[in-house]
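I opened my notebook to look up a few strands, a pocket and one annotation. Here is what I wrote down.

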Amino acid sequence: MTSMTVNDAISAALAEEMRRDPTVLMFGEGTATKRRDLLDEFGPARVRNTPLAEGILAGTAAGAAATGLRPVVDLLFAPFLCYAMDEIVNSAGKLRAISGGQFSFPMVVMAMTGAGWGVGAQHNHNLEAWFVHAPGLKVVMPSNAADFKGLLKAAIRDDNPVLFFTDIALGYAEGEVPDGELVVPLGKAAVRREGADVTLVSYAKTVNHCLDAAGRLAEQGIEAEVVDLRTLKPLDEDTILASVRKTGRLVVVHEASRLCGVGAEIAALVSEKAFRSLRAPVLRLTGPDAPAPASYPLEQAFVPQAGAIAEAAAGLVRGA
Amino acid sequence: MSNHHRGVEALERMMLIRAYEETLVDLHGRGRAAGTCTSVGQEAAAVGVVSALGPDDQILTNHRSAGHLLARGADPRRMLAEVTGKADGYCKGMSGSLHIAAKELGVILTSTIVGGELALATGVGLSRSMLGGDGIVTCFFGDGAACEGRFQESLNLAAVWNLPVLYVCENNQWQAFVHRKETTLADGVTAQAAALGVAAATVDGNDVEAVHAAAATAVETVRRTRRPYLLEARTYRLRGHFEPDDQSYVDPAELAHWRDRDPILLQRARLERDGLLSADEVLRMEGAVRRTMDEAVAFAEASPYPGFDQITAAVYA
Ligand SMILES: Cc1ncc(C[n+]2csc(CCOP(=O)(O)OP(=O)(O)O)c2C)c(N)n1
Ligand SMILES: [Mg+2]
């Protein structure tokens with residue numbers, strides 16, 4: 001095990017994959033400036049700065065991916081993906097199926113989002129569910145350093161376009177990362193804490209809020225199970241359903257807003273496939289239907305915090 | 001700037017912008033404000049252009065907006081309150097530093113999506129052209145924004161629809177952490193305007209009087225012809241992209257060259273050379289600017305945080 005930050009875990013994954021596979025390359029606005037170590041090791045053909053133009057960056061990645069390269073494109077902040085929506089959704093996501101499977105798009109689109117930087121809604125917007133809704137795309141949003149490394153490596157090796165979101169508040173979070181080759185398969189959730197009374201499902205930094213909440217609940221004699229989705233698409237239905245069948249209670253927690261969010265999908269899944277196991281209504285704790293505020297206390301209030309999660313879960317257990 | 005007072009006024013305004021941004025850097029360093037993009041070194045472009053506008057003209061700007069706002073007469077107290085996330089800020093703490101709009105000053109629709117302002121300017125121009133009056137729209141954007149397709153799209157639509165938009169490219173040589181020479185082979189953006197049938201001019205963006213003169217011509221042209229115009233101000237971003245930034249990626253010789261061309265130093269030297277500025281006057285201005293900023297800091301710190309209800313208060317009309 002080596003202790004490293006999420007940012008370092010990302011760098012390590014990129015370097016290892018570029019070393020392993022000469023068709024992997026990376027570009028973005030400032031990539032060569034900010035990833036000097038990659039530039040030094042792999043040279044300017046594989047580590048590129050770009051003009052400011054997200055549409056053409058994503059389109060270039062898609063075109064290159066379909067014809068022999070494995071690009072990683074860094075689009076910086078999730079809201080900037082709006083400029084690249086056509087290339088990601090209409091091209092990378094669809095041209096495989098509508099060509100009858102003639103093309104694949106082994107590419108990774110990276111972007112940061114989430115509260116923690118006080119820069120407001122045009123940098124902080126958890127829009128990951130939009131891409132879950134679009135066919136042909138995979139969506140990853142890790143919660144800890146080891147997963148950032150292992151999931152990014154898996155994303156680069158995957159033959160589909162993968163959206164890889166980094167919760168900005170986690171960048172400097174340290175974590176233990178196993179030494180040696182670490183590939184975390186896409187589509188597998190992780191049970192971070194076991195418990196029999198209530199299931200807390202989350203992803204990204206609110207997994208940590210759920211773990212905090214589980215600690216507080218344990219003090220009240222309530223055992224919460226915490227499921228970290230890691231990949232939003234494909235969704236690990238089995239792990240979610242197994243947990244809910246055990247606990248009978250479910251709280252889904254995410255920073256993204258509620259309407260048509262990942263929580264809605266999970267609630268629907270559970271009501272379709274584990275209805276008889278439910279002992280209480282499914283609850284969702286999410287960000288509000290509002291652009292993220294810049295002001296620090298408001299930005300924090302926007303995100304479901306441990307206290308509210310513990311309270312909601314305890315309410316479910318006591319009410320039952 | 002034909003008369004002396006204007007030259008001195010321009011200098012004082014540039015000094016205020018510099019002091020405001022240095023205050024922000026200081027507040028950030030002490031953990032009291034989020035990071036921010038400063039326009040240190042670019043004050044002449046903001047002051048030169050904005051001082052050429054009329055009271056009914058509108059301004060669209062971007063993430064590097066402090067100069068435009070202060071040149072337009074924004075209250076530094078309310079700007080600092082905004083950047084520190086307080087209720088008395090221009091946007092009630094919802095914006096922070098990157099998208100401060102102040103409709104009362106005609107500074108509208110500020111966007112930190114690079115190119116966002118370019119996409120909106122045509123619509124504002126359309127309103128101006130259909131709803132009457134002789135007001136014009138000024139759209140500030142960077143050399144990086146000119147790499148977005150929106151730049152050409154915006155100019156082209158403004159050209160074919162005869163929209164009264166003055167496009168002002170503040171070419172500060174940097175696009176965040178990438179030098180503009182790495183992103184485009186053209187030396188500046190005016191050639192693209194020519195290709196689209198839009199009148200254009202380039203000016204030394206560090207010479208506030210030259211910028212003012214070029215902007216006055218541009219504003220007059222747009223007002224009279226009701227057609228777009230592109231003005232490119234060649235300038236330089238003397239600090240990093242976003243605080244904090246050690247500028248380790250910047251060529252020291254280039255930085256030194258532009259430091260010598262600091263627009264505040266240039267204007268001060270000109271005024272002193274022409275006998276229009278005394279040492280006493282400089283001291284007076286420095287004192288006034290410092291007092292203004294001290295008051296602004298006190299105001300921002302005393303301002304309360306917004307209530308949590310502000311998060312959802314303004315989402316829908
Ligand atoms: C669509 C979009 N892409 C990327 C960014 C991140 N970003 C913010 S400012 C900036 C550089 C902009 O360069 P330029 O347009 O020249 O303006 P300057 O910052 O130099 O004033 C970048 C890349 C953004 N805010 N929006
Ligand atoms: Mg620039």
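Before counting, I noted that helices are DSSP runs of H or I with at least four residues, numbered from the N terminus. I also noted that this is a predicted model.

**Entry: the pocket.** I looked up the second largest pocket, which holds about 1300 Å³ of space. Its lining has 46 residues, and the closest to its centre are Ala121(A), His125(A), Ala290(A), Pro291(A) and Ala292(A). Next I asked which elements give two or more residues to this lining. From chain A, I listed helix 6 (128-133), strand 12 (231-233), strand 13 (250-257) and helix 10 (262-273). Chain B adds helix 12 (310-313). Helix 6 of chain A gives the largest share of the lining, 4 residues. I then sorted the lining residues into 28 nonpolar, 13 polar and 5 charged.

**Entry: strand 4 of chain A.** Is this strand mostly covered or open? I found 8 of its 8 residues buried, over residues 70-77, so I wrote "mostly covered", with buried meaning under 20% relative accessible area. Strand 2 (residues 24-28) of chain A pairs with strand 4 of chain A in the parallel sense, over 5 bridges. There, Leu25(A) stands opposite Pro71(A). Strand 5 (residues 108-113) of chain A also pairs with strand 4 in the parallel sense, over 4 bridges. I marked Asp74(A) opposite Met110(A) in strand 5 of chain A. With helix 5 (residues 85-92) of chain A, strands 4 and 5 of chain A make a right-handed β-α-β unit.

**Entry: chain B.** An unreviewed UniProt entry annotates residues 13-306 of chain B as "domain: Dehydrogenase E1 component". Over those residues I read 45% helix and 11% strand. The end C-alpha atoms are 30 Å apart.

Methods: Residues numbered from 1 in each chain as written. Chains lettered and ligands numbered in written order. Predicted model: local features only at pLDDT ≥ 70, side-chain atom pairs only at ≥ 80, totals over all residues. Heavy atoms only, no water. UniProt positions renumbered as here; feature names shortened; annotations may be inferred. Buried < 20%, exposed > 50% of the residue type's maximum accessible area, 1.4 Å probe, protein only. Pairing = 2+ DSSP bridges. Right-handed = clockwise from strand over helix to strand, strands pointing away. 1 Å grid on protein atoms, 1.4 Å probe; cavity = no way out; pocket = protein on both sides within 12 Å on 5 of 7 lines; lining within 4 Å. Points joined across faces, edges and corners; volume = space filled by probe spheres on them. Nonpolar A, V, L, I, M, F, W, Y, C, P; charged D, E, K, R; others polar.
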